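Let's take a walk through this fold together, beginning with its sheet and then turning to its helix. Have the viewer open as you read.

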Amino acid sequence: MRSDVTRDGRHYAVFQKGNQVEIIRLGYAKRGEHQAIRATMITLVQEVTGCRLAETTLQGDSGEMRGRVSCPRK
């Protein structure tokens with residue numbers, strides 16, 4: 001499943017397949033913006049998927065991150 005999201009003028013693509021998630025920032029980021037972008041990406045994973053991110057599984061940077069989520073049963 002792919003979801004496209006815009007936050008604070010930046011575009012992101014969030015992919016979820018089972019308990020695996022990937023988020024990609026689309027576009028350029030200037031020096032000094034990366035820490036805030038990374039925090040936004042972590043927040044978006046949880047908002048878009050409705051699942052809790054296992055932050056210890058998170059790998060990547062402000063351009064692309066991958067991790068595992070645990071989702072509530074429906």
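**The sheet and its helix**

In this predicted model, 5 strands make up an open sheet, ordered S1-S2-S3-S5-S4, with antiparallel pairing. Strand S1 (2-7) and S4 sit at the edges with a single partner strand each, so one side of each has no neighbour in the sheet. From one strand to the next, the twist averages 25°. As a reminder, strands of a sheet pair through backbone hydrogen bonds, in either a parallel or an antiparallel sense.

Let's look at one pair in detail. Strand S4 (residues 52-60) and strand S5 (residues 64-70) are joined by a hairpin, and 3 residues make the connection. The two strands run antiparallel to one another over 5 bridges. You can follow the register by eye: Leu 53 lies opposite Val 69 in S5, while Gln 59 has Arg 66 of S5 as its bridge partner.

Now for the helix. Helix H1 (residues 34-49) has 16 residues, which at 1.5 Å a residue should span 22 Å; the C-alpha atoms at its ends are 22 Å apart, so the two values agree. Just after H1, Gly 50 adopts a positive phi of about 75°.

Which residues of H1 are buried? They are Ile 37, Thr 40, Met 41, Ile 42, Leu 44, Val 45 and Thr 49. In an α-helix there are 3.6 residues a turn, so residues three or four places apart point the same way. And what do the buried residues of H1 pack against? Their partners are S1, strand S2 (10-17), strand S3 (20-26), S4 and S5.

Key:
Residues numbered from 1 in each chain as written. Predicted model: local features only at pLDDT ≥ 70, side-chain atom pairs only at ≥ 80, totals over all residues. Heavy atoms only, no water. Pairing = 2+ DSSP bridges. Helix = DSSP H or I, 4+ residues; strand = E, 2+ residues; numbered from the N terminus. Axes fitted to C-alpha atoms, helices over the stretch in contact; angles between N-to-C directions. Expected span 1.5 Å × (residues − 1). Buried < 20%, exposed > 50% of the residue type's maximum accessible area, 1.4 Å probe, protein only. Contact = heavy atoms within 4.5 Å.
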